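The exercises below ask you to work through a contact surface and then through the pockets, with a solution after each task. Keep the structure open while you read.

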Amino acid sequence: MKRSQILQSVQPFISKAPTFVTCAATSRELKHIGDQPNYIYLLDSMGLAISVATGYALTKRGQGHQQVYAIEGDGSLLMNPNSLFSSINQSLKNLTVLLIDNGVYGSTGEQATLSPQIDLGELAKTAGWRVARVESLKRLTRELEQGSGEGPRFLHVIASPGNLEGAPLVLDDPAALKSRFMEWDYRRATT
Amino acid sequence: MNDHMPAQQAANSLGFKASLGDAVASMEPEVVCHLPSASIAEIIDRVELRASGGGFRVIRSTREEDAVGVLSGVAMAGSLGILLIQDNGLGNSLTALTTLPLAYRLPLLVLCNVRGGLGEYNSMIHHYSQGLPKALESFGLATFWLDRTLPLQAWQEGIIEAGSLAQMSHRPVIGMLNFFGVESLEGSL
């Protein structure tokens, strides 16, 4: 399964939840599949999707909101594996990480990452995350249905390389994305 | 110690650097991240102590850019985060600072002790520290400097005001704390 199929299949779970998405192809594809005001596309900042989601989830903990999602890639996580350690130390029940592991840097020409040599799920498990290895869309849906509210969770989703053709660049002003997100968050809290 | 104690009195009873930790705590941040530094160890210790009473969280970060990411998430949730590091950690986090809080217009207060220059023992760090102010300026990162030419109470007030500036201007503000010669000021309290 390709990244775009994974992003399509998780839409029912993330489309109303705060979701922080790693840069480049992942952001482009998610926006193309179904843009939402509660999606923060990290337009650069490789390796920080889990970090940003952690700060947000930490601030919102105990406020009765649903899960916070971080969508990260294997290449990006390998640039900041520290995020696994600093995040798990906060024991955030409202945080779910979706690691889409396709073994390549999909946005820069599909150069191989080190993920075939380093099991990132095992790394997360060692750090203390509750990890599920997911190799089918059916299993992914089941994990998301069953696991709500039981974070911190790390779903290690094994994917095949390949980008969605026709997904345009995300050219939004980052400040506008932030304002849109925070307005959505405010409305959610007050309605 | 209460937050309304005059700065001079606080510095006398606590020690200068610990009183700066109280200034950090008085801003009621949601999260304070820190990385190790001998020069600000007393500030970090004081912040950890104040956090242990509840009210805010402290994260012992393992890398500066990761901390910038976490505190950007705190800002997206509408709260203030503060980062305590050495200034050489700014080099690690320039991409994160410019592509996250600066680009997304998020408040963040970074307090760093200045390395290099007078009083620095480590010959390796001078090249970096000498060029840092111009680098920060060229990136459009707002900085303010505190040093021995200022009365000690101005340090507390400056730190607190910088936190307000970060929130009001929706951007990262970096406080450069130059402790060279400050010990003599502290001794004169």
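**Exercise 1.** Determine which side chains meet in a salt bridge, and how many such bridges the rule finds across the interface of chain B and chain A.

*Solution.* In this predicted model, the side chains to examine are those of A:Arg61 and B:Glu30, whose nitrogen and oxygen atoms lie 3.5 Å apart. The rule accepts a side-chain nitrogen of Lys or Arg within 4 Å of a carboxyl oxygen of Asp or Glu, so the pair qualifies as a salt bridge. Across the interface of chain B and chain A, the rule finds 1 salt bridge. Turning to polar contacts, one finds 12 residue pairs across this interface, with both residues at pLDDT 80 or more.

**Exercise 2.** Work out which elements of chain B give two or more residues to the side that touches chain A, and how that side divides by class.

*Solution.* The elements to mark on chain B are strand S2 (57-60), helix H4 (64-76) and helix H5 (88-99), each of which gives two or more residues to the side touching chain A. Of these, H4(B) gives the most, with 9 residues. Sorted by class, the side of chain B that touches chain A holds 13 nonpolar, 7 polar and 6 charged residues.

**Exercise 3.** State how many residues of each chain are in contact, and how much area is buried between them.

*Solution.* Begin with the count, in which 26 residues of chain B are in contact with 29 residues of chain A. The size of an interface is often expressed as the accessible area lost when the parts come together. Here the area buried between chain B and chain A is about 2,200 Å², with carbon and sulfur atoms giving 61% of it. Within chain B, the residues that lose the most area to chain A are B:Arg57, B:Met76 and B:Tyr104, which together make up 32% of what that side buries.

**Exercise 4.** Describe the largest pocket and the second largest pocket by volume and lining.

*Solution.* The largest pocket holds about 300 Å³ of space, and among its 16 lining residues B:Ser39, B:Val114, B:Leu118, B:Gly119 and B:Phe180 lie nearest its centre. Its lining divides into 6 nonpolar, 6 polar and 4 charged residues. The second largest pocket holds about 250 Å³, and of the 20 residues lining it, A:Thr26, A:Met46, A:Tyr105, A:Gly106 and A:Ser107 are the closest to its centre. At least two lining residues of the second largest pocket come from each of helix H2 (25-34), strand S3 (68-73), helix H4 (74-79) and strand S5 (104-105) of chain A. By class, the lining of the second largest pocket has 8 nonpolar, 9 polar and 3 charged residues.

Notes:
Residues numbered from 1 in each chain as written. Chains lettered and ligands numbered in written order. Predicted model: local features only at pLDDT ≥ 70, side-chain atom pairs only at ≥ 80, totals over all residues. Heavy atoms only, no water. Contact = heavy atoms within 4.5 Å. Buried area = accessible area lost by both parts, 1.4 Å probe. Polar contact = N/O pair within 3.5 Å; in protein donor to acceptor, adjacent residues only side chain to side chain. Helix = DSSP H or I, 4+ residues; strand = E, 2+ residues; numbered from the N terminus. Nonpolar A, V, L, I, M, F, W, Y, C, P; charged D, E, K, R; others polar. 1 Å grid on protein atoms, 1.4 Å probe; cavity = no way out; pocket = protein on both sides within 12 Å on 5 of 7 lines; lining within 4 Å. Points joined across faces, edges and corners; volume = space filled by probe spheres on them.
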